[in-house]
Amino acid sequence: MAHIQLPEGLPGIRGAMAFRPETAKPLNELVEILLHGPNSLTPGERELIATYVSTENDCYYCQTIHGAIAAASLGDDEALVKKVKTDFQNAAISDKLKTLLVIAGQVQKGGKNVTSASVADARATGATDVEIHDTVLIAAAFCMYNRYVDGLGTTQPKDEVMYRERGKRVARDGYVSVSKEYLPA
Amino acid sequence: MPHVSLPEGIPGISSGFAFRPETAKPMRELAHVLLHEPSTLSPAERELIATYVSSQNDCFFCQTSHGAAAAAHLGEKAHTVEDVKQDFTRAAVSDKLKALLVIAGQVQKGGKHVSAESVQKARNLGATDLEIHDTVLIAAAFCMYNRYVDGLATWQPRDPAMYATMGKHLATHGYITPSTKP
């Protein structure tokens, strides 16, 4: 049971967002820009960063829904998503994304854990300043979203089909658009 | 030196905001709703929660700037800011705020650390669902802001006067407009 009275039938962050639409607006706009808006990192790459950080933070809802969005953005390659969550160094992803995942993992532990050496490694594989910035902010933002979802004790159904279907819709339409179904106009 | 080429002469989070205005906008709006817009928790109480979490995350810029905003709201009781950072259980704040600071500290460690007992205790002291929600989200949001500021290795000057000026600006105008100029 959730720690506070959240609207029923809306799992994970959706119940919390429907409870407080004033904060839902910037929360949705931030994730839209970071994960869905135009970027030199693909939506699939950015969703993998979000999924990896959510896994490190042990947030079931976030790692499952963002894993599903990542898979939908990567030709339904669910095996790749699973590999990134457990062993990204040996996953079939670019060296650049591997170095960005190292930075994301450092941010997850705490901002001061990010080292100049890991940033230099990312730059050596071709990462730009904006890509490094966005990696830091995606990782930081999921340290927020994950704590929000688990800190309120939200409902997190173990329903793979639900996450897979919703993942496809978010990958296609984005966060702000999909949020309209549970937020007031 | 910052990890990426942030604009020079702009401290802390303001340099990240200037580097990437697209993400700055919702981040400013979120802080504004959580800390500055009308709420049954006073702006001082909410700034104290933000300061405490930033202090637990060891982020100098955030704990100093939000501590200064809290101090600006508190006026002659500004010493409460240091008291809360050192040991909030002995600070001159309400029992309800102490119960909310316990929840905020649990969120800082990780969302699953929030216990039904600590929520019940806050509720027994008069905290509403909305106040508990906002406490969880303020604490979670500062786990983002703190990591953003330190994760980019932003410039964080040690000049108390700068933070005092910034704190007055934040306390008066909130978070939508920049509090620092290059």
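Me: What percentage of the 185 residues in chain A do buried residues make up?
Reply: In this predicted model, buried residues make up 52% of the 185 residues in chain A. To count as buried, a residue needs 20 or more other C-beta atoms within 10 Å of its own.

Me: What makes the radius of gyration of chain A agree with that of a compact globule?
Reply: A compact globule with 185 residues would have a radius of gyration near 16 Å, and chain A has 16 Å, so the two agree. Along its principal axes, the C-alpha trace of chain A spans about 50 × 35 × 30 Å.

Me: How many helices and strands does the secondary structure of chain A come to?
Reply: The count is 10 helices and zero strands. Read from the N terminus, the elements of chain A run α-α-α-α-α-α-α-α-α-α.

Me: What share of the contacts in chain A with a separation of 6 or more comes from residues 24 or more positions apart?
Reply: Such residues account for 70% of those contacts. Ile69(A), a residue of helix H4 (residues 60–73) of chain A, gives an example of a pair far apart along the chain: its C-alpha atom and that of Gly167(A) are separated by 4.1 Å, with their positions 98 residues apart along the chain.

Me: Why does Ile69(A) count as buried or exposed?
Reply: Ile69(A) has 30 C-beta neighbours inside 10 Å. The cut-off for buried is 20 or more, so Ile69(A) counts as buried. Leaving aside neighbours within four places in sequence, Ile69(A) is in contact with Glu47(A), Gly167(A), Val170(A) and Ala171(A).

Me: How do you know that the span of helix H3 (residues 43–56) of chain A agrees with what its residues should span?
Reply: At 1.5 Å a residue, the 14 residues of H3(A) should span 20 Å, and the end C-alpha atoms are 20 Å apart, so the two values agree.

Me: Why is H3(A) described as largely enclosed by the rest of the structure?
Reply: Because 13 of its 14 residues are buried, H3(A) is largely enclosed by the rest of the structure. H3(A) is followed by Asp58(A), whose phi is positive, near 60 degrees.

Me: What span does helix H3 (residues 43–56) of chain B have, and what is expected?
Reply: From first C-alpha to last, H3(B) reaches 20 Å with its 14 residues, close to the 20 Å expected at 1.5 Å a residue. H3(B) is mostly covered, with 13 of its 14 residues buried.

Me: What is the phi of Asp58(B), the residue that follows H3(B)?
Reply: Phi of Asp58(B) is near 60 degrees, a positive value in a residue other than glycine. Most residues other than glycine have a negative phi. Asp58(B) is found in the loop between H3 and helix H4 (60–74) of chain B.

Me: Why does Asp58(B) fall into its burial class?
Reply: Asp58(B) has 13 C-beta neighbours inside 10 Å. Exposed requires 12 or fewer and buried 20 or more, so Asp58(B) counts as partly exposed.

Me: What makes Ala153(B) partly exposed?
Reply: Ala153(B) has 19 other C-beta atoms within 10 Å. Buried begins at 20, so Ala153(B) is partly exposed. Ala153(B) lies in the loop between helix H8 (129–151) and H9 of chain B, and its phi is near 55 degrees, a positive value in a residue other than glycine.

Me: Why does Ile176(B) count as buried or exposed?
Reply: Ile176(B) has 11 C-beta neighbours inside 10 Å. With exposed set at 12 or fewer, Ile176(B) therefore counts as exposed. Ile176(B) is found in the segment after helix H9 (160–173) of chain B. Not counting residues up to four places away in sequence, Ile176(B) touches Arg28(B), Glu29(B) and His32(B). The C-alpha atoms of Ile176(B) and Ala31(B), 145 residues apart along the chain, are separated by 8.4 Å.

Me: How many residues of chain A are in contact with chain B?
Reply: 40 residues of chain A are in contact with 39 residues of chain B. On the chain A side, helix H2 (21–36), helix H7 (116–124) and helix H8 (129–151) each supply at least two residues. The largest share, 15 residues, comes from H8(A). The chain A side divides into 21 nonpolar, 11 polar and eight charged residues.

Me: What scores does the model have?
Reply: The model scores ipTM 0.98 and pTM 0.98. The mean pLDDT of chain B is 97, and 99% of its residues reach 70 or more.

Notes
Residues are numbered from 1 along each chain as its sequence is written. Chains are lettered from A and ligands numbered from 1 in the order in which they are written. This is a predicted model: local features need pLDDT of at least 70, side-chain atom pairs count only at pLDDT 80 or more; totals for chains, interfaces and linings use all residues. Helices (H or I, at least four residues) and strands (E, at least two) are DSSP runs, numbered from the N terminus. The expected span of a helix is 1.5 Å times one less than its number of residues. Two residues are in contact if their C-beta atoms, placed from the backbone, lie within 7 Å. Ala, Val, Leu, Ile, Met, Phe, Trp, Tyr, Cys and Pro count as nonpolar, Asp, Glu, Lys and Arg as charged, and the others, Gly among them, as polar. The radius of gyration is taken over C-alpha atoms; the globule rule is 2.2 Å times the number of residues to the power 0.38. pLDDT is the predictor's confidence in each residue, from 0 to 100.
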